[in-house]
Amino acid sequence: MQEFTVAEVAKHNVPKDLWCIIDGNVYNLTDFADAHPGSAVVLHKIAGKDATSEFYSFHRQEVLKKYARLVIGKTAVLQKYPLPPPASFSKVPYAETLATLTKPSPFYNQSHLAFKRAIRAFCEENIAPDAESFAKLGKIPTRETLLAMGETNIHACRLGPGPHLKGRTLLGGVLPEDFDYFHEAIAHEEIARAAGIYCYAEGLASGMMIGAPPVLKFGPAWMKEKVIPSILSGEKMICLAISEPGAGSDVAGISCEAIKTPDGKHFIVNGTKKWITNGTFSHYFTTAVKGTAGISMLLIERSDGVETEAIKTSGTGSAGTAYVTFTNVKVPVENLIGKEGQGFAVIMANFNHERWGMVASACSAARFIVEECFKWATQRKVFGKSLVEQPVIRYKLGQMIADLEAVQSWYEAITYQMTKLDYKQQTQQLAGPIALLKYRCTRMTHLVSDNAVQIFGGRAITATGMGRHIEQFQRTNKFGAILGGAEEVLLDLGVRQSMKVYPKDARL
Ligand SMILES: Cc1cc2nc3c(=O)[nH]c(=O)nc-3n(C[C@H](O)[C@H](O)[C@H](O)COP(=O)(O)OP(=O)(O)OC[C@H]3O[C@@H](n4cnc5c(N)ncnc54)[C@H](O)[C@@H]3O)c2cc1C
């Protein structure tokens, strides 16, 4: 690359001949100036100068990547802010979990680190490039992306350890028998980091993460053999259909009915389901129904009488959130997941994994926001100094970090317990703690979002530019406080679960 002196660059200081230096590189902006979103006038002011500081006051580092074609040479000045290499771990304090093994951890080992590195590389290559534009346009992920996640067994990894991993080659060279819930958590974390929680990430088969476990844990053998491989390969999509217009928190209040035909061979299903994630593009619906025996779970295939209509949320259409209508849908009795009339237990058991996975994603998304805030507070100058030099801003950062790390620690402790308990024991022993954990987590994301908005100012409520990730987070983080059990309901559940084991002889 040609080298210029600072004096040479300084000669190109008029609109018709406009060069500048950004972090050691020389840019010719003459033809670009009129297309500059912030106006040409701004660029005229930095013509012939070193504009590194001005650039970082208004732009994200990745903008340099986008406009690499405008670089015409370099100066002898050493680059201060090189772009991080692909799939690297951030060096910003608190931007990464202990899974990066920067400090000793009782939970993570080299296998987790290798998995994290490999899945981050996958996400950077296959997911991040679509994340923002697809979310903006409300487009669901391409078939190629979903298949690529299948080929690399990422869909399978999001269902935790178990026989479904047998014989599969996992990212990072992790052996299926070594795969544990910490690996699974890392998969959720990396997808949330690359794709934005409750945004594009929701489209990446998050319905599968909640719709497939009932089939895996309670489905008959034929169902597992037929349905699971096509789902884990990314060929087919599945979702969880429990909520209805008249029954959200009150699951027992569902009214979607399944009546057995006189020959006892089929159910006829009639009813509606609301807010079903991935419902618009799912092939299978793991559905809660009510019949004479009580609540049951049925696997319903997209067929005659199944209609899905998109619901517009404050997230993105990429999630495929659906209003589902079942009209006289004929479902074979073999499609029962678990026993007839025992669906409530299936639903409750399934909630634990869903809620725990939501915490994994939310911690990762909050961590990314902390990183964004740290960077912004360091590079944004106000009243003659960087934001982070203001004690009030350091207080806000400190609050965010302290809350995040507290939730992270509890979630890792529960994850460890999951590695030691079987599915039934998890259901019995962890439903209460996971419910309380999810509540604590969404209070944390609330604080992180609130503080991040104050740190970023106007940019936090601007959908493009420096603060766009904050804008998305503050718009969508409340999803976690409602989905999979609203905060109030979870606190109540957490305490009720403890009361079940409250010692009868305990007295003050
Ligand atoms: C974007 C999105 C995606 C979703 N994805 C799915 C999905 O894939 N599958 C699925 O089955 N469902 C899904 N849901 C539904 C979700 O689980 C419900 O919205 C949630 O359970 C709350 O139900 P509700 O909205 O009907 O609120 P309601 O039950 O009407 O409750 C309203 C509010 O009242 C409060 N409340 C309720 N009961 C009590 C109580 N006993 N004590 C105190 N306060 C109480 C809570 O704060 C609650 O937020 C999704 C929802 C959304 C918005």
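This report describes the ligand site, the internal cavities and two unusual backbone angles of a predicted model.

## The ligand and its surroundings

The ligand is surrounded by 16 residues, and the closest of these are Leu240, Ser243, Ser249, Trp275 and Glu488. Two of these names return when the contacts of the ligand are considered atom by atom: an N or O atom in the side chain of Ser243 is 2.7 Å from a nitrogen atom of the ligand, while Trp275 takes part through its backbone, with an N or O atom that lies 2.6 Å from a nitrogen atom of the ligand. Thr277 contributes a polar side-chain atom, which lies 2.9 Å from a nitrogen atom of the ligand.

On its own, the ligand has 960 Å² of accessible area, and the protein covers 66% of that area.

## Cavities inside the protein

Apart from the ligand site, the model can be examined for enclosed empty space. Rolling a probe the size of a water molecule over the atoms shows where such space is left. With a lower limit of 30 Å³, the count comes to four cavities, and the largest cavity holds about 110 Å³ of space. Its lining is made by 13 residues, of which Tyr181, Lys217, His353, Tyr423 and Gln426 are the closest to its centre.

Three elements give two or more residues to this lining, namely helix H9 (206-218), helix H11 (343-379) and helix H13 (423-456). Helix H13 gives the most, with four residues. When the residues that line the largest cavity are sorted by class, eight are nonpolar, four are polar and one is charged.

## Two residues with positive phi

Positive phi values occur at two residues described here, neither of which is a glycine. Asp23 has a phi of about 50 degrees, and this residue is found in the loop between strand E2 (17-22) and strand E3 (25-28). Is Asp23 buried or exposed? Because its relative accessible area is 5%, Asp23 counts as buried, the cut-off for that word being under 20%.

Tyr198 has a phi near 55 degrees, again a positive value in a residue other than glycine. Whereas Asp23 is in a loop, Tyr198 has its place in helix H8, which covers residues 181-203. The relative accessible area of Tyr198 is 7%, so this residue is buried as well.

Conventions: Residues numbered from 1 in each chain as written. Predicted model: local features only at pLDDT ≥ 70, side-chain atom pairs only at ≥ 80, totals over all residues. Heavy atoms only, no water. 1 Å grid on protein atoms, 1.4 Å probe; cavity = no way out; pocket = protein on both sides within 12 Å on 5 of 7 lines; lining within 4 Å. Points joined across faces, edges and corners; volume = space filled by probe spheres on them. Nonpolar A, V, L, I, M, F, W, Y, C, P; charged D, E, K, R; others polar. Buried < 20%, exposed > 50% of the residue type's maximum accessible area, 1.4 Å probe, protein only. Near = heavy atom within 4 Å. Polar contact = N/O pair within 3.5 Å; in protein donor to acceptor, adjacent residues only side chain to side chain. Areas by Shrake-Rupley, 256 points an atom, 1.4 Å probe, with all protein chains shown as cover.
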